[in-house]
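Hi everyone, thanks for coming. I'd like to walk you through one model today, so please have the viewer open and follow along.

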There are 2 protein chains.
Amino acid sequence: MEYTEAKQKFIQAWGTLGSSWGINKAMAQIHALLLIKEESLSAEEVMEELQMSRGNVNMNLRALLDWGIVEKVSKIGERKEFFIANKDVWELARQVSKERRRREIEPIIKVLEQVQGVEGTGKDVKEFKAMTKELKDFSYKVDDVLEKFIKSDQNWFYKLLMKL
Amino acid sequence: MEYTEAKQKFIQAWGTLGSSWGINKAMAQIHALLLIKEESLSAEEVMEELQMSRGNVNMNLRALLDWGIVEKVSKIGERKEFFIANKDVWELARQVSKERRRREIEPIIKVLEQVQGVEGTGKDVKEFKAMTKELKDFSYKVDDVLEKFIKSDQNWFYKLLMKL
DNA sequence: ATAAACATTCAATAAGTTTTGAAAGTATAA
DNA sequence: TTATACTTTCAAAACTTATTGAATGTTTAT
């Protein structure tokens, strides 16, 4: 397989994967491109390589910064900004887990807590309370695992894998 | 809080959560409704409660069956079909993990394997190979954890949580 | 202060996804 | 077999999300 073909294929696949992960395609593709480039790239270069508009690239680069998986780099003598992806896959997984925890687990726990306060003693209400309590308990457990994962180091994780 | 309000709130929140999980809103909302109802519901009843069209309800009930998180129930003397959600949260988590593994991890591993076969000895190619290899190795580890999780029982999981 | 180089915003548009509902299909009962 | 009850399909419409690119804002160099 040609390098150009392989590169396209990877960027494409990463974009698709992103979509089923709440990360939009452009964002995931830019990330993929930065992942496979050792040097940092300017917005211009990303536009060029991925054939995306300036606005789109700018917006999604900022989103990547926001997720903490891409960093800005200044080059001496250069005015424009350059961007580089953190190449540590472990760190990437941690950052993504962290963001998803914040954006998904936390809000659902909040709602589950709230609706627990439903009034009444009817059958429907009892069932409702029972089910939402189970979900809440489980969510707390997941939250707990995620928290530990996020705070842990790579070694901890690999040791855990061994144990399984 | 009133039962009706709590119910709406929960169904709403579950729908939103679903969206960031690759599960469409209607599908997640139907699932939420079935989760909080002990008895099975007919398509008609779901339509009524969620104010959705027949086509939408039918389509998404089939998707839920497909994901293995909702089951058909036949009632004697009744011609129509009824649907019930599995109330075991643990089992739900397992089923969802199973489907997501199949739909997401497996395809990306396949692509990563493929692009590993890229030809050339240039700097770009070497970097590309190194990065995609790292991603592949990590994906295999995740796949492995998921596989064990899917095949395990609830007890295993809770014991694991204790250890963390 | 001005110009040049670059970054950001945002309204318009395009693309993608979900939802509808009527029509077609299927199974059951009489 | 025919009518009825129910399910499935699918093209069109509604809705949502992503993308563009020109206009605006900001920084730096002269």
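**Two chains and two DNA strands**

Let me begin with burial: of the 164 residues in chain A, 24% count as buried. Please keep in mind throughout that this is a predicted model.

How does the radius of gyration of chain A sit against that of a compact globule? For 164 residues, a compact globule would come out near 15 Å, but chain A has 21 Å. Along the principal axes, the C-alpha atoms of chain A fill a box of roughly 70 × 40 × 35 Å. As for contacts within chain A, take those between residues at least 6 apart in sequence: 47% of them join residues at least 24 apart.

Now the secondary structure. Chain A contains seven helices and three strands. Reading from the N terminus, the order is α-α-β-α-α-β-β-α-α-α.

Let's look at those strands. Strands pair through backbone hydrogen bonds, in either a parallel or an antiparallel way. In chain A, strand E1, residues 41–42, pairs with strand E3, residues 81–85, in the antiparallel sense over two bridges. If you click on A:Leu41, you'll find A:Phe83 of E3(A) opposite. Strand E2 of chain A, residues 70–74, is also antiparallel to E3(A), with five bridges between them. There, A:Ser74 stands opposite A:Glu81. The hairpin of E2(A) and E3(A) has six residues between the strands, and A:Gly77 takes a positive phi near 80 degrees there.

Over to chain B. In which order do the three strands of its sheet come? The order is E1-E3-E2, in an open sheet with antiparallel pairing. E1 (41–42) and E2 of chain B are at the edges with a single partner strand each, so one side of each has no neighbour in the sheet. Five bridges join E2(B), residues 70–74, to E3(B), residues 81–85, and two join E1(B) to E3(B). I like B:Phe83 as a place to stop and look: this residue is the bridge partner of B:Lys72, and also of B:Leu41. The hairpin of E2(B) and E3(B) has six residues between its strands, with B:Gly77 at a positive phi near 80 degrees.

So how are the two chains arranged? In general, two copies of a chain are related by a rotation about an axis and a shift along it. Here, a rotation of 180 degrees with 0.0 Å of shift along the axis puts chain B on chain A, with an RMSD of 0.1 Å. The two copies are thus related as by a two-fold rotation axis. Which C-alpha of chain B is nearest the axis? That of B:Trp21, at 3.2 Å.

Next, the interface. On the chain B side, 41 residues are in contact with 41 residues of chain A. Four helices of chain B give two or more residues each to this side: H1 (3–19), H2 (25–36), H5 (89–115) and H6 (123–151). H6(B) gives the most, with 13 residues. By class, the chain B side has 21 nonpolar, six polar and 14 charged residues. Why can we say that the copies meet through the same surface? Because 100% of the interface residues of chain B are also interface residues in chain A.

Finally, the DNA. Around strand C there are 18 residues, and the closest are A:Gly55, A:Lys80, B:Ala26, B:Ser53 and B:Gly55. The elements giving two or more residues to this surface are H4 of chain A together with H2 and H4 of chain B. H4(A) gives the most, with five residues. The surface near strand C divides into four nonpolar, six polar and eight charged residues.

Now turn to DNA strand D. There are 18 residues around this strand, and A:Asn24, A:Ala26, A:Ser53, A:Gly55 and B:Gly55 come nearest. Which elements give two or more residues here? Helix H2 (25–36) and helix H4 (54–67) of chain A do, together with helix H4 (54–67) of chain B. H4(B) gives the most to the surface near strand D, with five residues. By class, the residues near strand D divide into four nonpolar, six polar and eight charged.

If you take one picture away, let it be this one: H4(A) gives the most residues to the surface near strand C, while H4(B) gives the most to the surface near strand D. Thanks for listening!

Definitions and conventions. Residues numbered from 1 in each chain as written. Chains lettered and ligands numbered in written order. Predicted model: local features only at pLDDT ≥ 70, side-chain atom pairs only at ≥ 80, totals over all residues. Near = placed C-beta within 6 Å. Nonpolar A, V, L, I, M, F, W, Y, C, P; charged D, E, K, R; others polar. Contact = placed C-beta atoms within 7 Å. Least-squares fit on C-alpha atoms with pLDDT ≥ 70 in both. Rg over C-alpha atoms; globule rule 2.2 N^0.38 Å. Buried ≥ 20, exposed ≤ 12 C-beta atoms within 10 Å, placed from the backbone. Pairing = 2+ DSSP bridges.
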